[in-house]
Amino acid sequence: MKRLLFMIIPVLVFVLAFRPAQPIEVKGKVTGVNGSAIADVTVEVKGTSTSTLTASDGTYSLTVPDKNSTLVFTHAGMAPAEIKVLGRKQINVVLEAAENTLDEVVVVGYGRVQKKSITGSTTRVESKDIASNSSAPVAQLQGKAPGLTVAGGSPGSPSYVRIRGIASAPVKSGGVSNDGLADERIGIAGETEADFNTEGYDHITENKFLKASGNPLSTFSIDVDAASYSNVRRMLNYGQLPPAGAVRIEEMVNYFKYDYAQPVNDDPFAIHTEISQAPWNRQHKLVLIGLQGKKIPTENLPAANLVFLVDVSGSMEDPNKLGLVKSSLKMLADQLRPQDKVSMVVYAGAAGLVLTPTSGADKNKIKDALENLNAGGSTAGGEGLRLAYKTAREQFVKGGNNRVILCTDGDFNVGESSDDAMERLIEKERSSGVFLTVLGYGMGNYQDSKMQKLADKGNGNHAYIDGLSEARKVLVNEFGGTLFTIAKDVKLQIEFNPAKVQAYRLIGYENRMLAKEDFNDDKKDAGELGSGHTVTALYEIIPVGVKSEFVDNISVDDLKYAENVKQQPGSSTEIMTVKFRYKDPAGDVSKLITHPLNDDAVSMSGTSDNFRFAASVAEFGMLLRNSSFKSAASFANVLEIARKAKGPDTEGYRAEFIRMVENAALLSAGKKPSPENEWSVRP
């Protein structure tokens, strides 16, 4: 018997030692040292391609190969953590802010760096500590202070240094001002060189008041983009007020859905108007013009021919860039139908086709191609766009949705990289009938202005993806609106009645203004409207007879040769006429809709939730921009109106806005938002 036992035991040991490893599902929660949940933390199984991101409440779940696996937790601005599973099924993690030291970094000339003593990977320096050298474009970054983040290390070169953040004052280096925004990838002198890459925002000159007597027509293109709102949210989430150029009020207003009635005829959209007092200036009136795009069920949408164009250059290496791109496009892949097809082009130093046209039914193949992407190299954005459009044209679906989906931080630096060169390329390609969707990712070197121009010129739209919930909103919840155009070249022209309107101004849409002659010109490009999309525009009006500083400053001499014809007060009840022009997605000739609006203003309390909430968002935008026209606007007033107009808010976006306003109010007062009021990405 003993001999039998001695023979069996080694066999059992051998069998147990070499039995197949059992996968384990691990769940947990990631929090900061203050106990608040951290969203969008990358949780990766070390040595594998298996990863996930934490939800808005900090929770995660993923399957590891065996009990001896190691989990790696990473998040921008936080110290990474590695934890062995050891057979556990529940692992909660507390991440600490990354705190390391920088003695001195000297930036010399065009992107060369001299390193004196750097330890660790992250520290913070204030913009006032950056000084210029008269004999050479030199900036010295010394000490630790709020403002900018300096990080060392980058794929392919341990000698890289990254300066990231939003400075509290403009910073100049190499004779170039970055308007207070920095994210420089710069190599150590004598080892590596790279260009300075900073966040880029166009200057916005606000629309001013115009007298209706001399300028009765106001013409503009619609804008369904919402990138500005999520970008502003990202900045506020990092405890920083946004620069004025990042705040496009029309995009903030149009981030939200409004409860407009669906069209009842064959037109692709319905028109809605309301008029009341302007909440920031009770002597003025506020007019809301709303468009509601026809909602087409997903199963009835035309077949899609999509080309994913993914930036895999070195600037995309961060978890909130390429990692988030993969997760976003996997969500989109789950929405595709068998009749849809996807190709994928990537670009870094060169461009290449990494996924040949694949049916939407083969989701695993699409996801595997995404998972295999890695970042590194320079950024030949122009070459990538050309190949993506070529691929889309070769697979063109007549009567279908032919679209390139560009995922990038916009940091092009090889080949065509200037705004003019990229615009010419896009304008040439759009005539093929291929539309463009631009999805922006990342922070620090994000080129917002370039992304805007690409989307505008490419018959497309632009969204900024700051987390998984925004990806879900854009690519899942608003799938049809984002990717399926129901009307193109949509323009509005408003004619104001000088007998009722002394002066007016359009709030936002500064980069969408058109000449009055452009309205009837079918060759003039304008915005696109997607399935189920809503578009909202707001006009602030100074009624006839109201004394206003904004009107007193408008002075134009009487015309010598034009007959001065004045309409008698009371001869019409109309305050304005709203005209719309649009084309079918494949059409070349526009159609006209006319909608008069009577001067039937009601009190603010009598307006819809749509009106009041849109007004509160516009007022918030004016405060962030420190608008010359904000009058008596205040964060308190924004909060009062928004809270009362929140409505059902089933998706939680309006409640999220209210928290953003609360945090912005604290930041404007020089206070830090409390942990319980910090914004986090919704599930």
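1. Crossing of H2 and H14. In this predicted model, helices H2 and H14 cross with left-handed geometry. Helix H2 covers residues 227–237, and its axis runs 10 Å from that of H14 at an angle of about 50°. An angle of about 50° is neither under 35 degrees nor in the range 65 to 115, so it falls in the oblique class. H2 and H14 are therefore oblique to each other.

2. Residues at the crossing. On the H2 side, the contact is made by Tyr229, Val232, Arg233 and Leu236. H14 contributes Tyr653, Glu656, Phe657, Met660, Ala664 and Leu667. Two of these H14 residues, Tyr653 and Phe657, also belong to an aromatic cluster, as does Tyr229 of H2.

3. Burial of H2. Ten of the eleven residues in H2 are buried, and the helix is mostly covered. The buried set is Ala227, Ser228, Tyr229, Ser230, Asn231, Val232, Arg233, Arg234, Met235 and Leu236. The contact residues Tyr229, Val232, Arg233 and Leu236 are among them. After H2 comes Gly239, which has a positive phi near 75°.

4. Asn231. This residue is part of helix H2. What is the relative accessibility of Asn231? The value is 0%, so Asn231 counts as buried. Beyond its neighbours within four places in sequence, Asn231 is in contact with Tyr201, Ala246, Tyr446, Asp448 and Tyr464. Its C-alpha atom is also separated by 8.0 Å from that of Ile465, a residue 234 positions away along the chain.

5. The aromatic cluster. One cluster is formed by Tyr229, Tyr255, Phe256, Phe613, Phe620, Phe635, Tyr653 and Phe657. The search of the whole structure gives 23 aromatic pairs. Among these, Tyr255 and Tyr653 pair edge-to-face, with 5.9 Å centre to centre and 80° between the planes. Tyr255 is in the loop between helix H3 (249–253) and strand E20 (269–278), and Tyr653 is in helix H14 (residues 653–668), so this pair ties together parts 398 residues apart in sequence. Both partners are covered: Tyr255 counts as buried at 2% relative accessibility, and Tyr653 is buried with a relative accessible area of 8%.

6. A stacked pair. Phe496 and Tyr504 form a stacked aromatic pair, with 4.0 Å centre to centre and 15° between the planes. Phe496 has 2% relative accessibility and counts as buried. Tyr504 is likewise buried, at 2%.

7. Charges over rings. Two members of the aromatic cluster, Phe613 and Tyr653, each have a charged side-chain end placed over the ring. For Tyr653, the charge is that of Lys473, 5.5 Å from the ring centre. For Phe613, it is the charged end of Arg654, 4.3 Å from the ring centre.

8. Positive phi outside glycine. Two residues deserve a check of the backbone. Asp649 is not a glycine, yet its phi is positive at about 50°. Asp649 is found in the loop between helix H13 (635–644) and H14. Is Asp649 buried or exposed? Its relative accessibility is 18%, and the limit for burial is under 20%, so Asp649 counts as buried. Leu86 also has a positive phi, near 55°, without being a glycine. Leu86 is placed in the loop between strand E6 (81–84) and strand E7 (93–95). At 58% relative accessibility, Leu86 counts as exposed.

9. Glu383. Helix H6 (residues 381–394) holds Glu383. With 37% relative accessibility, Glu383 counts as partly exposed. The C-alpha atoms of Glu383 and Ala348 are 9.4 Å apart, and the two residues are separated by 35 positions along the chain.

10. The whole chain. The protein has 14 helices and 33 strands. Of its 683 residues, 54% are buried. Among contacts between residues at least 6 apart in sequence, 72% join residues at least 24 apart. The Tyr255 and Tyr653 pair, which ties together parts 398 residues apart in sequence, is an example of a link between distant stretches of the chain.

Notes
Residues numbered from 1 in each chain as written. Predicted model: local features only at pLDDT ≥ 70, side-chain atom pairs only at ≥ 80, totals over all residues. Heavy atoms only, no water. Phe/Tyr/Trp six-rings, centres within 6.5 Å; stacked < 30°, edge-to-face > 60°. Helix = DSSP H or I, 4+ residues; strand = E, 2+ residues; numbered from the N terminus. Buried < 20%, exposed > 50% of the residue type's maximum accessible area, 1.4 Å probe, protein only. Lys NZ or Arg CZ within 6 Å of the ring centre and 35° of its normal. Axes fitted to C-alpha atoms, helices over the stretch in contact; angles between N-to-C directions. Parallel < 35°, antiparallel > 145°, perpendicular 65-115°, else oblique. Left-handed = near helix turned anticlockwise from the far one by under 90°. Contact = heavy atoms within 4.5 Å.
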